[in-house]
Amino acid sequence: MTSGTSRRARVLAAAVGTGVLVPLVATATPASAATPAVTCTSAKAGLAAKLKKDITAALATRKGTVAVGLYDRSTDTTCTLRASSAYDSASVVKVTVLATLLWDAKKTNRYLTDRETTLAKAMITKSDNAATSTLWKQLGMTKIKNFLAVAGMTQTKPGANGYWGLTQITVTDEQKLLKLLTAKNAVLSDNSRAYIIKLMSQVVSSQRWGTPYGVPSGVTVAVKNGWLQRSTNGWRVHSVGAFKGGGHDYVMTVLTHGNSTMNYGIATIQAVAKVIHKDLAAS
């Protein structure tokens with residue numbers, strides 16, 4: 001053992017003995033990672049640059065951590081920010097629960113029962129937690145995970161021990177789900193897709209905030225929001241929406257946490273939604 005090594009060992013032993021951790025070697029503080037930038041692509045000239053600029057500006061003064069996803073079929077436009085960052089789902093997972101229920105029923109060629117229909121409507125239109133817990137338990141983890149696999153939602157991790165609101169979700173996967181709801185595909189039947197969109201378009205007025213904010217007249221709205229306060233990262237406030245009309249067919253996801261209040265999170269989401277609706281309408 002070299003004398004330098006012996007000395008470091010003695011310093012460490014002394015530090016441990018006193019209960020004080022003394023750094024043996026001074027280390028430079030790593031530079032904080034650069035804030036991720038909004039990225040946009042579009043087949044429409046100038047639209048990607050406009051969206052990138054306006055979404056970035058909308059978030060410039062907002063606190064908290066925000067993830068954004070936009071996809072417009074009509075102009076082949078995509079925008080993302082923190083697309084793979086995980087967030088506690090809160091109630092936006094309820095759309096996944098309903099999609100799983102319908103997918104599973106279709107596999108056995110059965111219609112939803114009256115009881116399931118009642119639970120599904122309460123879960124989506126009023127964000128009823130008891131109804132969600134009932135359906136989550138009925139489906140079980142295997143069916144939920146199987147649906148996620150078939151839907152390609154590989155970044156979504158279902159909450160354990162019945163805590164569906166702690167399911168880990170990402171913008172990437174929520175956008176995948178919204179795309180499944182809004183175009184023909186092999187995962188969900190046309191009837192299933194129409195049913196989910198119908199319920200999302202019937203959400204009670206007090207819960208129609210978020211991504212629909214600033215939507216132009218004549219554009220149809222389907223929305224599901226989520227909100228949850230925890231001891232770490234403050235309020236999680238999320239909104240997913242599907243919009244059609246005015247020459248556009250688009251889906252939007254905004255996930256946030258680190259909000260001081262629920263209303264602060266809503267305001268952040270609505271600042272983003274407003275510029276997205278405006279820029280698409282003008283394109």
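# Chatting about a disulfide, a buried glutamate and some salt bridges

Q: Hi! How many disulfides does the structure hold?
A: The structure holds one disulfide, meaning a pair of cysteine sulfur atoms within 2.5 Å. Just so you know, this is a predicted model, where local features need pLDDT of at least 70 and side-chain atom pairs count only at pLDDT 80 or more, while totals for chains, interfaces and linings use all residues. Residues are numbered from 1 along each chain as its sequence is written, and side-chain values use heavy atoms, leaving out hydrogens and water.

Q: Thanks! Which residues does the disulfide join?
A: C40 and C79, with an S to S distance of 2.1 Å. The pair links distant parts of the chain, 39 residues apart: C40 sits in strand β1 (residues 39-41) and C79 in strand β3 (residues 77-81). Strands here are DSSP runs of E with at least two residues, helices are runs of H or I with at least four residues, and both are numbered from the N terminus.

Q: And what is the handedness of the link between C40 and C79?
A: It is right-handed, with 115° about the S-S bond.

Q: Is C79 buried or exposed?
A: C79 is buried, at a relative accessible area of 1%. Buried means under 20% relative accessible area, exposed means over 50%, and partly exposed is in between (1.4 Å probe, protein chains only). C40 is buried too, at 16%.

Q: New topic: where does E116 lie?
A: E116 is in helix α4 (residues 114-125). With 3% relative accessibility, E116 counts as buried.

Q: Which side chains does E116 join by polar contacts?
A: One polar contact, of 2.9 Å, joins the side chains of E116 and R110. Another, of 2.7 Å, joins the side chains of E116 and Q138. A polar contact is a pair of N or O atoms within 3.5 Å; within protein, one must be able to donate a hydrogen and the other to accept it, and residues adjacent in sequence count only if both atoms are side-chain atoms.

Q: What else is E116 in contact with?
A: Leaving aside neighbours within four places in sequence, E116 is in contact (heavy atoms within 4.5 Å) with L101, R110, Y111 and Q138.

Q: Let's switch to salt bridges. What is the count?
A: The count comes to nine salt bridges. Each is a side-chain nitrogen of Lys or Arg within 4 Å of a carboxyl oxygen of Asp or Glu.

Q: Why can such side chains pair up?
A: Side chains of opposite charge can pair when their charged atoms come close.

Q: Cool. What does K50 form a salt bridge with?
A: With D54, the closest N and O atoms being 3.2 Å apart. K50 and D54 are about one helical turn from each other, because they are four residues apart in helix α2 (residues 47-59). K50 is partly exposed at 40% relative accessibility, whereas D54 is buried at 13%.

Q: Which side chain meets R230 in a salt bridge?
A: That of D88, at 2.9 Å from N to O. R230 lies in the loop between β6 (220-229) and β7 (235-245) and D88 in strand β4 (residues 87-88), so the pair ties together parts that are 142 residues apart in sequence. R230 is partly exposed at 36%, and D88 is buried at 9%.

Q: One last pair: what about K143 and D104?
A: K143 and D104 form a salt bridge, their closest N and O atoms 3.2 Å apart. K143 belongs to helix α5 (residues 129-150) and D104 to helix α3 (residues 93-107), so this pair ties together parts 39 residues apart in sequence.
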